[in-house]
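Subject: Structure for you to look at

Hello,

Here is the structure I said I would pass on. Please open it alongside this message; my notes follow below it.

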Amino acid sequence: MDGWKSVRVPRLPDLGIEPRLGGTQFPQAVGVYVCGITPYDATHLGHAHTYVTFDVLVRLLRASGRRVTHVQNVTDVDDPLLERAIALGVDWRYLAREGIDRLATDMEALRVLSPDHYVGVVESVPLIVDGVTRLLRREAAYRIGVPDQAGEGAADVYADTRAETAFAEALPDDAVELFGERGGDPARPGKRAPLDPLLWRAGRSGEPTWDGGPLGPGRPGWHIECAVIAEAFLGGAPTITGGGSDLAFPHHHMTASHLRALGHPHGGLALHVGLVGLDGEKMSKSRGNLVFVSRLLEDGADPAALRLALAAHHWSREWQWDRGQLRAAEHRLARWRAAALVPAPAGGGAPLAVRVARALAGDLDVPAALAEVDAWAGAVLAGAGGDDGAADAVDALLGIDLRAQELSRRRR
Ligand SMILES: [Zn+2]
């Protein structure tokens with residue numbers, strides 16, 4: 001499906017940096033796979049923090065000369081979406097369309113670059129059917145017949161995790177419990193092992209179904225979508241896989257296992273973004289305490305300030321949202337924009353682009369990069385020399401446009 005409109009990224013001079021994550025250097029060609037939304041209850045601040053984080057990573061990798069292919073999926077059919085549509089009394093396709101459109105609007109406002117390939121599950125059903133068929137042929141999957149529910153010969157298909165030798169590595173202690181909480185069905189009768197994930201669900205009445213060819217009519221399980229989309233658009237396992245930290249298990253564990261079973265060893269790098277809380281609680285659908293980007297923008301937040309407020313938090317940590325952070329970011333942005341207006345003859349030391357890129361190059365320390373811009377703005381406003389590439393650096397690497405002197409869209 002189509003992504004959204006990307007802003008133009010200024011070209012920076014050679015920065016001479018080597019980005020690393022957990023001590024590992026990135027290869028010249030990087031496949032970035034970011035798990036997308038299930039399109040309802042989007043875009044909340046947890047989503048936005050994740051996508052801003054990966055946006056900075058993609059910008060940094062490209063500025064360091066890497067060829068980046070950025071893939072993001074959209075889980076536009078899945079149990080939670082169908083359940084929500086029933087609860088609201090709307091068609092699930094309408095709910096999905098609305099969520100996808102809202103994400104696009106929010107990402108454009110936050111200046112998040114559109115992925116190179118933005119891929120929905122519905123449009124990927126043929127890829128999924130092909131992938132599940134290959135897993136069956138490799139004896140890495142098996143059928144559980146459901147004739148009473150879905151008709152004669154109908155069967156659900158599960159991955160056989162015991163057939164995939166690396167599956168048991170790095171399983172969390174509470175794997176079965178987490179699997180049950182996050183979309184899995186550990187107690188399903190007929191499964192060979194509790195953690196075996198669903199690959200294809202035979203069509204039940206009242207549920208959307210697609211032609212599954214040899215699998216029969218049905219719809220995809222969850223994790224297989226990201227495995228086959230990565231395979232189709234990146235040629236195998238991604239160099240780096242990411243999303244919110246609640247996707248590490250089971251989702252990314254299962255996706256990596258499916259990819260290995262399909263013949264693609266995992267690339268190894270993962271970046272999981274800490275969850276965002278509100279008033280001391282985790283922000284979640286079930287608690288009903290989600291803070292939405294669209295709502296903050298409707299209330300007059302400057303999208304650049306909102307992006308800065310998110311970027312102020314290191315991706316590896318969980319954090320709590322409050323409105324004060326938006327005000328602090330507005331203040332910070334105003335200082336940066338004021339500094340960008342000052343004609344700044346070349347000062348001493350490395351240009352801002354190099355300082356920001358160096359801060360980001362070690363484990364993507366975005367708050368440290370913001371501190372470099374603070375130091376530059378402070379020096380320029382105190383009358384010291386700056387550099388005339390500063391605005392381009394902040395735009396290209398951090399996605400903040402300092403030339404837009406619109407301080408706030410707040411309604412008076
Ligand atoms: Zn995924």
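In strand β8, W200 is the residue that stands opposite V157. On the other strand, β6, the bridge partner of V157 is R143. Please keep in mind throughout that this is a predicted model.

V157 belongs to strand β7, which covers residues 155-159. Two bridges connect β7 with β8 (residues 198-202), and these two strands run antiparallel. Between β7 and β6 (residues 141-145) there are five bridges, and that pairing is antiparallel as well.

How many of the residues of β7 are buried? Five of the five are, so the strand is largely enclosed by the rest of the structure. A155, V157 and A159 point one way from β7, while D156 and Y158 point the other way; residues on both sides are buried.

The sheet

β7 is part of an open sheet of four strands, in the order β6-β7-β8-β9, with antiparallel pairing. The edges are taken by β6 and β9 (218-220); each has a single partner strand, so one side of each has no neighbour in the sheet. From one strand to the next the twist averages 20°. Helix α4 (residues 125-137) packs on this sheet and touches β6, β7, β8 and β9. The direction of α4 makes about 110° with that of β8.

Aromatic pairs

There are three aromatic pairs in the structure. In one of them, the ring centres of W4 and Y118 are 5.3 Å apart and the ring planes lie at 80°, so this pair is edge-to-face. W4 sits in the segment before β1 (20-21) and Y118 in strand β5 (residues 117-120), so the pair ties together parts of the chain that are 114 residues apart in sequence. W4 has a relative accessibility of 9% and therefore counts as buried. Y118 is buried too, with a relative accessible area of 5%.

Another pair brings us back to the sheet. The rings of Y142 and Y158 have centres 6.3 Å apart and planes at 25°, so they are stacked. Y142 is in strand β6 and Y158 in strand β7, 16 residues apart. At 4% relative accessibility, Y142 counts as buried. For Y158 the relative accessible area is 1%, and this residue is buried as well.

The zinc ion

Which residues coordinate the zinc ion? They are C35 through SG, C226 through SG and H251 through NE2, at 2.0 to 2.2 Å. In sequence these donor residues follow the spacing C-x190-C-x24-H. C35 and H251 link distant parts of the chain, being 216 residues apart: C35 is in the loop between β3 (29-34) and α1 (45-63), and H251 is in helix α8 (residues 248-261). Both C35 and H251 are buried.

If you want a place to start, display β7 together with its partners β6 and β8, then turn to the zinc ion and its donors C35, C226 and H251.

Regards

Notes:
Residues are numbered from 1 along each chain as its sequence is written. This is a predicted model: local features need pLDDT of at least 70, side-chain atom pairs count only at pLDDT 80 or more; totals for chains, interfaces and linings use all residues. Side-chain values use heavy atoms; hydrogens and water are left out. Buried means under 20% relative accessible area, exposed over 50%, partly exposed in between (1.4 Å probe, protein chains only). Two strands pair if DSSP finds at least two bridges between them. Donors are N, O and S atoms within 2.8 Å of the metal (3.2 Å for Na, K and Ca); water is not among the atoms, so sites may look incomplete. Rings of Phe, Tyr and Trp (its six-membered ring) pair if their centres lie within 6.5 Å; planes under 30 degrees apart count as stacked, over 60 as edge-to-face and the rest as tilted. Axes are lines fitted to C-alpha atoms, for helices over the stretch in contact, and angles run from 0 to 180 degrees between N-to-C directions. Contact means heavy atoms within 4.5 Å.
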